[in-house]
Amino acid sequence: MGRLASAYGQAVAAHRQARQRWTTARALLDRLAGEPVPERTADLVARLARLADALAAPPPGGTDRAGPSGPPTGHLGASPGGPPTGQVGASPGGPPPGYVAVSPGAGPARATRTVAPVDGPVPVRIGEASTADGRFPLLLPLGAGRHLAVDRDARDPRVAVLLRVLVLRLLTTTAPGSVRVVGIDPAAWGATFIPLRPLRDCGVLGGVATTEAEIGALLDAAEAHARAAQHADPARSAAVRPGAASGVVGQAGAVSGVAVSGVVGQAGVASGGAVSGVMGQAGVASGGGQVGAGEAELLLVVAASAPGPRELARLTALTHAGPTAGVCVLFAGRAVTTPGQAPPTLGGTTEIRLDERYARIGDPPGQPFSDDGTGLAVPVLLDGDPPAPAVQALADRLGAQVRRDTALHLADLLPERRWTESARAGLRTVVGRSGRTPVSLAFDDATPHWLVGGRTGAGKTVFLLDVLYGLAARYSPAELQLWLLDFKEGVSFTEFVPTDRDPSFLPHARAVGVESDREYGLAVLRELRRELGRRAGVFKRHGVTKLADLPDTEPVPRTVAVIDEFHVLFAGNDRLAREAVDLLEELARKGRSYGVHLVLASQSTSGVEALYGRAESLFGQFALRVALPGGEPVLGPRGVVGGATRIGTAVVNTAAGAAGADILLRFPDAHADARQLARLRYELWDARPDDTVPPAVFRGYATAHLEDEPPPTVAAATRRPAVLVGRTVDVAGSTARCDLDASPGRHLAVVGTSATGGHVLRAAALSLAGQHRPGEAEFVLAPLVAAADELADDTAAGLKAAGHPVTQVDAAGLRARIGELAAGPGARSRTYLVVFGVDAAGAVLAAADPDTYRSGHEDLRALLREGPGRGVHLLGWWRGLRRLADDLGGSQNRDDVACLVALNVPADDLGLHLGVTDLAWTPRPDRALLVDRHAQRTTLIVPFVRPGHHPEEER
């Protein structure tokens with residue numbers, strides 16, 4: 001009897017305590033919902049369902065309506081005609097409760113949602129709590145330092161479904177563009193995320209890491225995101241901004257849970273626990289979820305299975321980063337760890353345990369379900385897999401909204417006022433946004449040079465143009481000079497140079513190469529090295545070692561040299577490639593101090609033979625790396641996950657590719673708004689200083705014409721004339737010439753089967769005509785091949801128009817004139833033999849004269865050695881190098897024709913004739929090699945052709 005009395009007394013005391021706490025809970029629910037709490041448990045469960053439904057709805061002031069046949073998208077509600085969200089029993093054939101219902105033919109939901117970004121925890125439904133008196137939805141807090149963990153990994157289908165449910169619900173509850181999702185799934189190789197592919201296509205779901213390297217790279221990016229978020233706005237509170245009811249309701253949840261459990265048995269435990277849980281979530285919702293209008297972006301890291309120990313420790317650390325880190329972790333497989341290793345201790349995490357049928361929910365951080373740490377007292381049935389139409393509808397809505405809300409324009413990169421910044425300490429410009437935060441990159445002591453990588457069509461040119469326009473708008477031409485070089489077939493930088501249709505140009509540009517040759521690129525590097533020498537002299541005079549230390553009286557602009565498709569410079573492993581590597585390495589090493597900065601852009605930096613053993617020393621100087629889609633190798637051998645996968649995105653690393661320094665950004669297409677771009681270009685051009693000269697332009701696709709050159713001046717009697725044969729491939733675009741002085745061998749030989757040979761000979765003869773007074777020089781033309789007939793007639797007409805006597809001869813006449821000129825000077829001070837197809841006269845020249853017994857070859861060789869001293873010069877086109885050597889009498893006489901223009905002559909043959917090894921020459925249309933043996937100079941030129949002729953069309 002004593003023990004019975006004691007037990008009875010304890011029951012009475014517990015009953016009284018429970019009644020007291022029940023009264024408190026009812027009063028708090030009245031305060032929250034404005035209506036009395038029913039006494040019956042069944043009524044309470046129904047009311048909890050309505051309350052949970054209200055918490056999952058859009059916040060006050062939000063407008064969230066789907067299309068005519070769709071439900072409110074904030075609810076992700078059941079199909080039309082079904083019960084309210086959160087109620088059991090959706091209509092047959094409709095989607096599970098909590099998902100968007102799309103009627104057949106209705107198309108994607110059209111939303112006008114205007115909710116806020118994620119500045120606090122968001123209540124997200126995971127399933128339905130089951131009690132003896134019914135079911136009600138269960139919501140858990142996510143975001144703002146709140147995370148979730150499941151004991152099993154996604155190889156359990158229920159866990160995979162739960163993760164997909166949480167991803168979709170969180171994306172639906174938050175503002176479009178405020179949540180970015182990345183995945184970790186080493187156990188199932190990303191299979192968990194396959195049903196969410198539409199979200200990846202619309203840009204919401206990023207990469208899924210499956211290997212150790214990829215997971216490490218993903219965590220690098222997540223940690224960088226957390227650091228950036230924590231430092232972005234120091235004024236943000238470290239805790240969620242609470243509402244008036246959050247603290248009180250959370251306490252009420254704890255009180256009411258114990259009260260009911262002590263008085264009404266199992267059913268009471270269920271309902272009582274439910275009251276506490278939902279009120280705790282009500283506190284979250286009213287206190288922090290969906291408030292404010294900040295610019296924070298939430299990174300949702302979904303770990304479908306546990307990574308290795310080192311990566312697991314880093315993932316755990318993210319859960320302790322706090323609410324300002326902008327990271328939310330969904331971790332499946334918490335109990336699946338390495339044997340002998342204890343499960344990690346997670347911060348701010350609601351834990352879920354699964355049994356055969358139900359889920360058991362632990363206490364959410366800050367608003368527990370229980371006061372003894374046992375969690376929610378009722379089991380939970382998890383929601384089913386999101387239907388494919390719901391995923392697609394959400395992706396369509398988010399994709400459209402994200403594109404609208406996150407649209408970037410060139411104007412977003414430009415300063416309010418032009419040319420107001422100083423480049424003394426470096427150059428800086430906005431290049432895009434990471435989330436909603438502008439990203440500025442610099443050319444300074446920390447990041448003096450940039451390395452940009454990306455596959456064809458990945459947007460390298462677009463990114464470079466954004467950078468160039470941003471710099472040109474901030475810094476005046478006195479602060480900034482641009483050297484722009486493009487090796488690929490395209491028009492990357494043509495908008496910066498004057499054209500026949502548009503005389504405007506970018507006043508900062510000093511040299512621009514379009515479809516450049518390797519030789520032009522080498523010329524640019526040589527010129528930049530000379531600029532380093534000039535600046536070194538200035539620094540020495542003022543006793544400084546850095547540009548920033550120069551006095552104001554000695555302004556020196558910073559130079560940015562952009563080389564697109566720079567790997568072309570290193571094609572092969574010849575002398576040119578090796579010199580290019582030497583020059584780039586020197587520029588990269590010294591440019592930091594002298595204010596000369598390099599931007600190298602390419603599809604790939606691997607497999608270049610000329611860089612073997614030197615890539616590290618060269619690229620190690622490039623601290624800033626930009627990886628566009630397909631350009632991840634510029635970041636180094638480590639894996640990159642969640643990187644740039646779409647056009648208009650890039651991963652930026654400011655630590656030479658080191659892990660943990662990646663930033664994912666978006667950048668605009670400057671040409672998307674052509675009118676605004678044109679205004680900016682003309683604005684910069686109109687503001688140019690009066691003494692600004694247009695940039696030196698090399699157009700690799702353009703032919704060269706003598707008619708475009710300034711008219712030659714009449715040489716004085718003591719001056720030497722020169723033949724003009726083309727335009728030199730150099731920075732200045734100077735005219736290629738060969739002086740015809742009195743030295744033995746000062747003649748011109750054009751060699752090659754290409755018809756361009758006749759055009760070069762035509763230009764050479766016409767260029768000489770303008771350098772003599774009318775009638776002062778005689779021209780003897782010998783068109784010995786049919787391909788030259790028209791060119792010879794055109795040449796004769798031009799020479800006669802200049803007032804010079806012209807004689808046309810055949811092979812026999814040529815033999816006679818050679819004999820005459822070999823014996824003595826001509827009738828005038830200068831005589832020029834212009835022979836189109838000298839090799840066609842081989843048989844005639846080989847025959848001996850019956851009177852003198854001399855062959856034409858003997859007279860020719862005498863003329864080549866002695867003629868220049870008497871004012872006689874030969875301009876000849878040979879169609880084969882072997883025939884030229886035969887006419888000269890062997891390689892020992894090759895100096896008898898000092899000037900040679902080689903067209904389609906193989907490099908080995910030409911090198912053998914010239915006695916030169918490792919000759920850097922690749923025959924190609926519209927290019928020639930000018931060799932002056934006396935000056936020991938070899939120059940790549942664009943040969944002169946008659947207007948209308950296109951060498952690339954020759955057969």
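Is Cys 328 buried or exposed? Cys 328 counts as buried, because its relative accessibility is 0%, under the 20% limit for that class.

## Overall make-up

This is a predicted model. The protein chain has 955 residues, of which 56% count as buried. Its secondary structure consists of 21 helices and 31 strands. Among the contacts in the chain with a separation of 6 or more, 74% are between residues 24 or more positions apart.

## Nonpolar cores

The largest nonpolar core holds 124 residues, and the members that touch the most others are Val 725, Val 901 and Leu 910. Helix α11 gives this core its largest share, 10 residues. Another core, of 51 residues, lies apart from it and includes Leu 48, Leu 168, Leu 298 and Ala 359. In soluble globular proteins, nonpolar side chains tend to be buried together.

Beyond its neighbours within four places in sequence, Val 901 is in contact with Val 725, Leu 748, Ala 749, Val 750, Val 751, Val 760, Ala 928, Leu 929, Leu 930 and Ile 941. Val 725 thus appears both in this list and among the residues that touch the most other core members.

## The disulfide

The structure holds 1 disulfide. It joins Cys 738 to Cys 899, with an S to S distance of 1.6 Å. Cys 738 belongs to strand β23 (residues 735-739) and Cys 899 to strand β29 (residues 899-902), so the link ties together parts that are 161 residues apart in sequence. Both Cys 738 and Cys 899 are buried. A disulfide is a covalent bond between the sulfur atoms of two cysteines.

## Helix α20

Which residues of helix α20 are buried? In this helix (residues 881-888), they are Leu 881, Leu 884, Ala 885, Asp 887 and Leu 888. Viewed down the axis of α20, the buried residues fall within an arc of 160°, so they line one face of the helix. An α-helix has 3.6 residues a turn, so residues three or four places apart point the same way.

The buried residues of α20 pack against two helices, α19 (856-866) and α21 (907-914), and against strands β24 (748-751), β28 (872-878) and β29. Strand β29 is also the one that contains Cys 899 of the disulfide. After α20 comes Gly 889, which has a positive phi, near 90°.

## Aromatic pairs

The whole structure contains 12 aromatic pairs. A pair of aromatic rings is described by the distance of the centres and the angle of the planes. For Phe 539 and Tyr 594 the ring centres are 5.0 Å apart and the planes are at 45°, so the pair is tilted. Phe 539 lies in helix α11 (residues 518-542) and Tyr 594 in helix α12 (residues 575-594), so this pair ties together parts that are 55 residues apart in sequence. Phe 539 and Tyr 594 are both buried.

Phe 779 and Tyr 832 have ring centres 5.1 Å apart and planes at 25°, so that pair is stacked. It links distant parts of the chain, with Phe 779 in strand β25 (residues 777-783) and Tyr 832 in strand β27 (residues 830-836), 53 residues apart. Phe 779 is buried, with a relative accessible area of 0%, and Tyr 832 counts as buried at 0% relative accessibility. Elsewhere, ring pairs link Phe 566, Phe 570, Phe 619 and Phe 622 into a cluster.

## Two loop residues

Glu 709 is found in the loop between β21 (696-699) and β22 (722-728). Glu 709 is buried, because its relative accessible area is 13%. Its side chain makes a polar contact with the side chain of Thr 735 at 2.5 Å. Leaving aside neighbours within four places in sequence, Glu 709 is in contact with Arg 727, Thr 735 and Phe 944.

Ala 187 sits in the loop between β4 (179-184) and α4 (197-201). With 32% relative accessibility, Ala 187 counts as partly exposed. Its C-alpha atom is separated by 7.7 Å from that of Thr 210, 23 residues apart along the chain. Leaving aside neighbours within four places in sequence, Ala 187 is in contact with Arg 155 and Ser 305.

Terms used: Residues are numbered from 1 along each chain as its sequence is written. This is a predicted model: local features need pLDDT of at least 70, side-chain atom pairs count only at pLDDT 80 or more; totals for chains, interfaces and linings use all residues. Side-chain values use heavy atoms; hydrogens and water are left out. A disulfide is a pair of cysteine sulfur atoms within 2.5 Å. Helices (H or I, at least four residues) and strands (E, at least two) are DSSP runs, numbered from the N terminus. Buried means under 20% relative accessible area, exposed over 50%, partly exposed in between (1.4 Å probe, protein chains only). The arc is that of the directions from the helix axis to the C-beta atoms. Contact means heavy atoms within 4.5 Å. Rings of Phe, Tyr and Trp (its six-membered ring) pair if their centres lie within 6.5 Å; planes under 30 degrees apart count as stacked, over 60 as edge-to-face and the rest as tilted. A polar contact is a pair of N or O atoms within 3.5 Å; within protein, one must be able to donate a hydrogen and the other to accept it, and residues adjacent in sequence count only if both atoms are side-chain atoms. A nonpolar core is a set of buried Ala, Val, Leu, Ile, Met, Phe, Trp, Tyr and Cys residues joined through side-chain atoms within 4.5 Å.
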